[in-house]
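Here are some notes to read alongside the coordinates. I have kept them short and grouped them by region, so feel free to jump around.

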Amino acid sequence: MSRCRSAVLAAAVAVLAVLAEPAAAAAPAPAGTPPFAPAADAAITPGVRMLSPVGDGAVSTCTAAFVFRGGDTTYLGYAAHCAGSGESMGLSGCEEPALPLGTDVVIEGNDGSRTAGRLAYTSWGTMQERGETDGARCYSNDFALVELDPADVERVNPSVPVFGGPTALDTDGTRRGEPVYSYQPRGGGTVVKQGRSLGVSAGGLFHRVETVPPGRPGDSGSGYVDGDGDAFGVLSTLFLDGSSTNGVTDLAHALAYANAYGGIGRVALVPGTEPFGVRT
């Protein structure tokens, strides 16, 4: 089962008008980052498929965003709603049921292999444990981390396939009209989405983007970079207003929240080993 949250535009805009505090300063990639596999040979990269159990034998299919590192641990990021345990798939992460930490998440490698990671952080579960009451954050903070088995780290490369990067973590959001890019595998091939930002809302917590092609169910969790290759977001929402646009969780804010309240220490984006460049 592919997942992507859906929203009626009027309701989403009303909630996202609430302001929130800016993101904390971005941390550089942690010292001691392990040597990674060559980008061309890596089985685990941004864009691999992530399969999470959602009950009664059903599985949600989503997409990895970027590689992260904290201490001696390597993570793949994706959307928290991909690790939701219910079927209602409403908008508020402060109300929707979340899978427990430690749940196995299957990672489908670029080489066709399958390995299991462990759900280590979910913004939905964390916000519920904290009793989060910020409405904008409840609707916009959609981010999770899956811890990789140490034996799989040598099979990882943090570069985004096709166009390289990310170069760094974006900390100032996107302005209206700014170029945006994303990558997903589809049907044995690859899709590079290109488009523009339609601006941010909720005090920078949420971006609306317009790309060709737009994101669709199964693309949830995939990462977005700006024209400089800086990672700014994670695909969260499909809008049902006929525009074929998508809602993207701001990564800097989401990562700051994880670092403040996630209980797994400080985690940082790992830049790609390949230079960023748009290839059409």
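1. Let me start with the surroundings of glutamate 132. Beyond its neighbours within four places in sequence, glutamate 132 is in contact with Cys94, Met127, Arg137, Cys138 and Tyr257. Please keep in mind throughout that this is a predicted model.

2. Where does glutamate 132 sit? Its place is the loop between α2 (123-130) and α3 (135-140). The residue counts as buried because its relative accessibility is 16%, and the cut-off for that class is under 20%. The side chain of glutamate 132 also has a partner: a polar contact of 3.1 Å links it to the side chain of arginine 130.

3. The open sheet is a good thing to trace next. It has 8 strands in the order β3-β2-β6-β7-β8-β5-β4-β15, and the pairing is antiparallel. Its edges are formed by β3 (58-63) and β15 (268-269), each of which pairs on one side only.

4. Within that sheet, have a look at one pair of strands. β7 (residues 114-122) and β8 (residues 144-147) run antiparallel and are joined by 4 bridges. Which residue of β8 is the bridge partner of arginine 118? The partner is glutamate 147.

5. Threonine 211 is worth a visit too. This residue belongs to strand β11 (residues 206-212), and it is buried, with a relative accessible area of 5%. Not counting residues up to four places away in sequence, threonine 211 touches Val180, Lys193, Gln194, Gly195, Tyr224 and Asn246. One of these, lysine 193, is 18 residues away along the chain, yet the two C-alpha atoms are separated by 5.8 Å.

6. The side chain of threonine 211 reaches the backbone oxygen of proline 213 at 2.9 Å. Proline 213 itself is in the loop between β11 and β12, and the peptide bond joining valine 212 to proline 213 is cis, with omega about -10°.

7. There is another cis bond to check, from glycine 165 to proline 166, with omega near 0°. Proline 166 lies in the loop between β8 and β9. As background for this point and the next, most peptide bonds are trans, and most residues other than glycine have a negative phi.

8. Two backbone angles deserve a glance. Valine 162 has a positive phi, near 80°, although the residue is not a glycine; this valine is in the loop between β8 and β9. Alanine 202 also has a positive phi, about 55°, and is located in the loop between β10 (189-201) and β11. Are these residues buried or exposed? Valine 162 is partly exposed, at 34% relative accessible area, whereas alanine 202 counts as buried, at 2%.

9. Finally, the internal space. The structure holds 3 cavities of 30 Å³ or more, and the second largest cavity has about 50 Å³ of space. Its lining is made up of Pro46, Gly47, Ala64, Ala65, Phe66, Val160, Phe163, Ser182, Tyr183, Gly223 and Val225. Strands β9 (179-186) and β12 (223-226) each contribute at least two of the lining residues.

10. What is the character of that lining? The residues lining the second largest cavity comprise 8 nonpolar and 3 polar ones, with no charged residue. If you plan to inspect this cavity, Tyr183 and Val225 are among the lining residues to display.

Notes: Residues numbered from 1 in each chain as written. Predicted model: local features only at pLDDT ≥ 70, side-chain atom pairs only at ≥ 80, totals over all residues. Heavy atoms only, no water. 1 Å grid on protein atoms, 1.4 Å probe; cavity = no way out; pocket = protein on both sides within 12 Å on 5 of 7 lines; lining within 4 Å. Points joined across faces, edges and corners; volume = space filled by probe spheres on them. Nonpolar A, V, L, I, M, F, W, Y, C, P; charged D, E, K, R; others polar. Buried < 20%, exposed > 50% of the residue type's maximum accessible area, 1.4 Å probe, protein only. Polar contact = N/O pair within 3.5 Å; in protein donor to acceptor, adjacent residues only side chain to side chain. Contact = heavy atoms within 4.5 Å. Pairing = 2+ DSSP bridges.
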